[in-house]
Amino acid sequence: FHRGYYIRARAVDHCVQDFLLKTQSYPRTQILSLGAGLDSLYFRLKDMGLLHHTVMYEVDFPNVARQKATLIKTTKELSALVGDTEGERLGVTTAFSGEDYKLLEVDLSELSKLSTALKEAGLDNEVPTLFIAEVVLTYLENSRSDALIQWAAEHFSQACFLLYEQMHPEDSFGRVMQQHFSQLNSALHSLSQYPDCEAQQRRFFEKGWTECSVMDMNEFFTCCIPENEQQRVQSLEPFDEYEEWHLKCSHYFVLTASKGMEPSWTPLLSSMTVPHHHGPVRIVGSINALACEVRSEASGLRRYGHHSALITPNVILTTGGFGEENGQHCRMRNFHVLIKHAGYWKAGCVKKENHDKRWDERLYHTVSCLSSSLALVVGGRTSPNAALGMLWLKFPKTCNDSDPNDITVELVSLQPAAEPFALRWRHSTTEVIFKGEKYLFIYGGRSAVQPVLGDWYFLHTPEISCTVIPVEGPVPEGRHSHSACSWKGGVLIAGGLGAAEQPLGSVFFLREAEHGFQWQTVETHPPLIPRYSHTAHVHDGKLLLVGGVWLHSFSVPGITVIDLITGLCLDYTISVEHLEWPLMLHNHSSVFLPNEKELLLIGGGGNCFSFGTHLNPKPVSLSLRNILT
């Protein structure tokens, strides 16, 4: 929430201050804020000394404008900034009037009344004027908002327009967003006709504007905010909601348009600190997502930030994460198991022994199965600055034919449990082989102190002793929320989120060498689109990347197949037409069933800004037979 509203305010301030700077040589300028609400923009600009020759007009419904006028009159600091107010009301629609501040009570959908009211209040259509519409026009019918945009272009000789709104209604986040506003009886009308940046840009050109630039908020944050300010924001508070932050930013845009301005007003282009390029997304096919038939209650699998491990070929254990228990959202205390029997899955809640003080309701941990009855839990967190250590999970060897609700898992602490290398989350733990011996390779992640880790450790199994093994080659940059898969005795690392909170597109293979291991870059063509919060599996020389988050606002990741011999990288979309609910493919877990060539997706989802929390309600099956032949 904090970052989401920060980026909105930052974008508006950025463009408004650029307008004031570029027009400071004019004797007079104007700003017209449409649907201004209780926005404090005028008072902030006035306090900063930026309105020497600028008059600001604000328009909103009569009840809102009157409420704001009362607040100004009864608040000493605000009335002092406005200065001497004009005692005589300038027309029946003026709720408040100062020398350089006019507050009008008009319904924006009534364009003729708006035009008349503004004229009566002194708005001059020959003076450079900036129009601001900050999440306003989308609540109007498209015919009325289009007419307002066209009216501004036709009636003002030197005009600029700043628009901030939602976009991308078609993907899962967009569907949750639309549902939220529909429940508030505040439908977002613009989305149907203008669903993306390109459509909004065409809209403004067609309505008479000669210059128009638009970018989503991920691009704005990366390209228009100086690096030191990005770092300041990222370090303000404990933060671990990267997926939600990037998804929110990919569903909002900022647009600037102008006409008659000399020189042209392009605050988004002229202030870019780095070039921003979207690599091509080359879709070669589609895979149907089908809701899994589970013959018992599976609500305990509604969670994210968890881990699912294949204990035996037919048994999947899911632990941790954030989800829903007893009708409440919380960090998950219960373990759940899926058992495949006679072609269908049975789900159940696992009984735990010695769990009260040992599990700690962790998220973003790993679970590594060392045998059919023993697994090691490494890391995870409770709050965003409380990392956890290691635990053994012991379960019965004969759970294939068990009733899921009859399975008992024993939790056993390691001594010492909180080895420094284990105090991390969003990391990976992968089995590797060196000189015939098995090790667990712990890599990357983040900690309470370091937002990104790039170190690694080898744990010899089964006694879990830390072992030093030489590693050569170019060291990958630190990352978390990456994927890691065992392959040929080594490990494949793909994607992740880097130190600048930017997704990574690199793939590395840590392979066994003569005296240790060696990092080796896996070249892909076309280049892998940077992503994180995905899952991954290897089958028959192919690396499968499943879901995740990338900064391409126009699509969401599906399945990417990388041929590890040729480097060929192919992207497939996931079709959700057979699902009755939005499918969010981040913070999920996935299990690959090689005999069936089937992917089972468990959980996933998260907070959708102020629109509510979405948790995928059921496991989802993806058949990969057609792409793995």
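Entry 1. Classes used for the pocket lining.
I count Ala, Val, Leu, Ile, Met, Phe, Trp, Tyr, Cys and Pro as nonpolar, Asp, Glu, Lys and Arg as charged, and the others, Gly among them, as polar. On that basis I sorted the lining of the largest pocket into 13 nonpolar, 24 polar and three charged residues. I note that the model is a predicted one.

Entry 2. The largest pocket.
I looked up its volume, which is about 1300 Å³. I then listed the lining of the largest pocket and found 40 residues. Nearest the centre of the pocket I recorded H307, S308, A484, A536 and H537. I next asked which elements give two or more residues to this lining. They are strand 11 (307-312), strand 17 (366-371), strand 21 (428-434), strand 26 (483-487), strand 30 (535-539) and strand 34 (589-593). Strand 30 supplies the largest share of the lining, with five residues.

Entry 3. Helix 1 against helix 11.
I examined helix 1 (residues 2-22) and helix 11 (residues 227-234), whose axes come within 12 Å and cross at roughly 150°. Angles over 145 degrees count as roughly antiparallel, and I therefore entered helix 1 and helix 11 as roughly antiparallel to each other. The crossing of helix 1 with helix 11 is right-handed. From helix 1, I noted R3, Y6 and R10 in contact with E229, R232, V233 and Q234 of helix 11. By class, I recorded two nonpolar, one polar and four charged residues in this contact of helix 1 with helix 11.

Entry 4. Helix 1 against helix 10.
I turned to helix 10 (residues 217-224), where the axis comes within 11 Å of that of helix 1 and the two cross at roughly 60°. Is the crossing of helix 1 and helix 10 left-handed or right-handed? I found this crossing to be left-handed. On the helix 1 side, the contact is made by Y6, I7, R10, A11 and H14. On the helix 10 side, I listed M217, F220, F221 and C224. The contact of helix 1 with helix 10 holds seven nonpolar residues, one polar and one charged. I marked Y6 and R10 in my notes, as they appear in the contact with helix 11 and also in the contact with helix 10.

Entry 5. Helix 5 against helix 6.
I looked up the packing of helix 5 (residues 111-120) on helix 6 (residues 142-155) and found an angle of about 35°, with the axes 11 Å apart. Helix 5 and helix 6 make a right-handed crossing. L111, L114, S115 and L118 of helix 5 meet A147, L148 and W151 of helix 6. I classed the residues of this contact as six nonpolar, one polar and no charged.

Entry 6. Backbone in the loops.
I checked the peptide bond between T461 and P462 and found it cis, with omega about 5°. P462 sits in the loop between strand 23 (456-460) and strand 24 (465-467). I found another cis peptide bond between H525 and P526, with omega about -5°. Where does P526 lie? I placed P526 in the loop between strand 29 (517-521) and strand 30, and strand 30 is the element with the largest share of the pocket lining. Finally, I recorded a positive phi of about 55° at N185, which is not a glycine. I located N185 in the loop between helix 7 (172-183) and helix 8 (190-193).

Definitions and conventions: Residues are numbered from 1 along each chain as its sequence is written. This is a predicted model: local features need pLDDT of at least 70, side-chain atom pairs count only at pLDDT 80 or more; totals for chains, interfaces and linings use all residues. Side-chain values use heavy atoms; hydrogens and water are left out. Axes are lines fitted to C-alpha atoms, for helices over the stretch in contact, and angles run from 0 to 180 degrees between N-to-C directions. Helices (H or I, at least four residues) and strands (E, at least two) are DSSP runs, numbered from the N terminus. Angles under 35 degrees count as roughly parallel, over 145 as roughly antiparallel, 65 to 115 as roughly perpendicular and the rest as oblique. A crossing is left-handed if the near helix is turned anticlockwise from the far one by less than a right angle, and right-handed if clockwise. Contact means heavy atoms within 4.5 Å. On a 1 Å grid over the protein atoms alone, a cavity is a set of points where a 1.4 Å probe fits but cannot get out, and a pocket is an open set with protein on both sides within 12 Å along at least five of seven lines; lining residues have an atom within 4 Å of a point. Grid points are joined across faces, edges and corners, and a volume is the space filled by probe spheres set on the points.
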